[in-house]
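Open the model in your viewer and keep the selection box handy. We will go from stop to stop, and at each one I will say what to select and what is there.

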Amino acid sequence: MNYLVFFSDIQGHNLEYCHHLYNVAFNITNVEFVFIVPCEYKNICARFDWPNASNIKFDFIDEKNVRFIKEASALKKTFLISKVFLFYIKKYRPTASFVSTLLEIVPALPFMMFNKTKISGIIFRIYLYDWKTSSFLRKLLDLTKMIFISKAFCVSHALILNDKISSRYFNQLFSTRKFEFIPDPYIPISSTKDENFRNKFNIKGNTLLFSHIGAMNYSKGTLDLLDAIDCLIQKQGISNVTFAFFGKVNEDIKEDFYRRLTEIEKKANIIVYDTFCEYHTIATLCIESNLLILPYKRCAQSSGIIGYASQFSVPVLVPNRGLLARLVSNYGLGYLYDINEKNALANSIYKFIQEPVHQKPSREYCIANSLSSFLNKINDVIYEDIY
């Protein structure tokens, strides 16, 4: 028996998820696993430990296909990914397969009708949270994808990330049992305090530190935060605040980001750390921060940052919509701002500046989203698909 694990992207959380799946496969020694990952895996895999396993091998999506996928529009991207997925299904003819992002390979499902390979995967974006604001075409596409997944015999497990309510709703809506909850795995990170951190970045001891962590791009609202800082400058109330942008600035916003930064950095205290953040850097930043700002445009899915907020008891500020808002509210992880109000982000930050002492988030979220729960679920899915 052989089992295929497919990742069309290996950046960000994908490498971490790939490592989780590798550790599950490592312990299922009677099954041969093939991990299909982009070729760039070779450049970043050293961030984790991958113990040698005789039952696991890697095959790499070539650079040409990786580039085509990255440069394609959202709709075209799913067809390109499906084409690559079908190529490896034909090449290895696995008993079953696990897809990191199940919605990506929906165009491939009609071609799997007479294939005995079972397919399982994770659904990150839950369209229900975007339904009111989506266009008619987007609604049609979202609904069509879920109908395909619910009706396709080859799909055995559709794992809804971090939302039990939606998994139950989808099962009722589509009269099936294949939609299942899976927690967004959280790994506690080293919390050793770096006494030199504030000196290194010239942050005064009594200065409030507001941080924006992770990949910097349009969907993360990075440019919106810069606009909010510009608005705050007019209020003249941020002299005792430092804003930290820690994470790689993506190409989609790089030019705009640095242009806007040049315009406002002379009037505000801003730190930009434009590179991949190691875990110890994230830990130190959370320990030192008074607030984590997540002005995400995509709120219909979970975020790994709220796990750090829970571990280090630092509040987050997020838009008041979607799954992200529900998680922050349910677990008491921070504050919501009304996206329909003018200058809402700037006003919420200013309010926090005026009253910076608040109740600290609990560790309940970390406990509910333990790595062991995630690994156990993946292990059960693989066993059910194979046996």
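**Stop 1: a helix with a covered side**

Begin with helix α12, residues 322–330, and show its side chains: Gly-322, Leu-323, Leu-324, Ala-325, Leu-327 and Val-328 are buried. Buried here means under 20% relative accessible area, exposed means over 50%, and partly exposed is what falls in between (1.4 Å probe, protein chains only). Helices (H or I, at least four residues) and strands (E, at least two) are DSSP runs, numbered from the N terminus.

Now add the cover: β6 (155–161), α11 (305–312), β12 (316–319) and β13 (334–337) are among the elements over the buried residues of α12. Contact, on this tour, means heavy atoms within 4.5 Å. Step just past the end of α12 to Gly-332, which takes a positive phi of about 60°.

A word on what you are looking at: this is a predicted model, where local features need pLDDT of at least 70 and side-chain atom pairs count only at pLDDT 80 or more, while totals for chains, interfaces and linings use all residues. Residues are numbered from 1 along each chain as its sequence is written, and side-chain values use heavy atoms, with hydrogens and water left out.

**Stop 2: salt bridges**

Select Asp-130 and Arg-321 next; they form a salt bridge, with the closest N and O atoms 3.6 Å apart. Asp-130 sits in the loop between β5 (118–123) and α5, and Arg-321 in the loop between β12 and α12, so this pair ties together parts that are 191 residues apart in sequence. The rule for a salt bridge is a side-chain nitrogen of Lys or Arg within 4 Å of a carboxyl oxygen of Asp or Glu, and the count by this rule comes to 15. Asp-130 counts as buried because its relative accessibility is 13%, whereas Arg-321, at 24%, is partly exposed.

Move to helix α5 and pick Arg-138 and Asp-142, which lie 4 residues apart, about one turn of the helix. Their salt bridge has its closest N and O atoms 3.4 Å apart. Are Arg-138 and Asp-142 buried or partly exposed? Arg-138 counts as partly exposed, since its relative accessibility is 38%; Asp-142, at 6%, counts as buried.

For another bridge within one helix, go to α9 (residues 254–264), where Glu-263 and Arg-259 are also 4 residues apart. Here the closest N and O atoms are 3.7 Å apart. Select Arg-125, Asp-130, Arg-138, Asp-142 and Arg-321 together: salt bridges that share partners join them into one network.

**Stop 3: a nonpolar patch**

Switch on the surface and colour Leu-75, Phe-79, Phe-136, Leu-137, Leu-140 and Leu-141, which make a nonpolar surface patch of about 650 Å². Areas come from the Shrake-Rupley method with a 1.4 Å probe, and for residues only the protein chains shown count as cover. Patches are made of residues with over 30% relative accessible area and no salt bridge; like charges are joined within 9 Å, and nonpolar side chains (Val, Leu, Ile, Met, Phe, Trp, Tyr) within 5 Å.

Which helix gives the most to the patch? It is α5, with 4 residues. Both α4 (74–92) and α5 (136–151) supply at least two, and Leu-75 is in α4.

**Stop 4: a strand residue and its contacts**

Find Ile-270 in strand β10 (residues 269–273). Ile-270 is buried, because its relative accessible area is 17%. Beyond its neighbours within four places in sequence, Ile-270 is in contact with Ile-229, Phe-243, Phe-245, Leu-261, Ile-264 and Glu-265.

**Stop 5: aromatic rings**

The whole structure holds 34 aromatic pairs. One to select is Tyr-17 with Phe-374, an edge-to-face pair with 5.3 Å between centres and 65° between planes. This pair links helix α1 (residues 13–26) to helix α15 (residues 371–386), 357 residues apart. Rings of Phe, Tyr and Trp (its six-membered ring) pair if their centres lie within 6.5 Å; planes under 30 degrees apart count as stacked, over 60 as edge-to-face and the rest as tilted. Tyr-17 and Phe-374 are both buried.

Finish with Tyr-22, Phe-35, Tyr-41, Trp-50, Phe-58 and Phe-60, which form one aromatic cluster. Add Lys-42, lying over the face of Phe-60 at 4.5 Å from the ring centre. A charge sits over a ring if NZ of Lys or CZ of Arg is within 6 Å of the ring centre and within 35 degrees of the ring normal.
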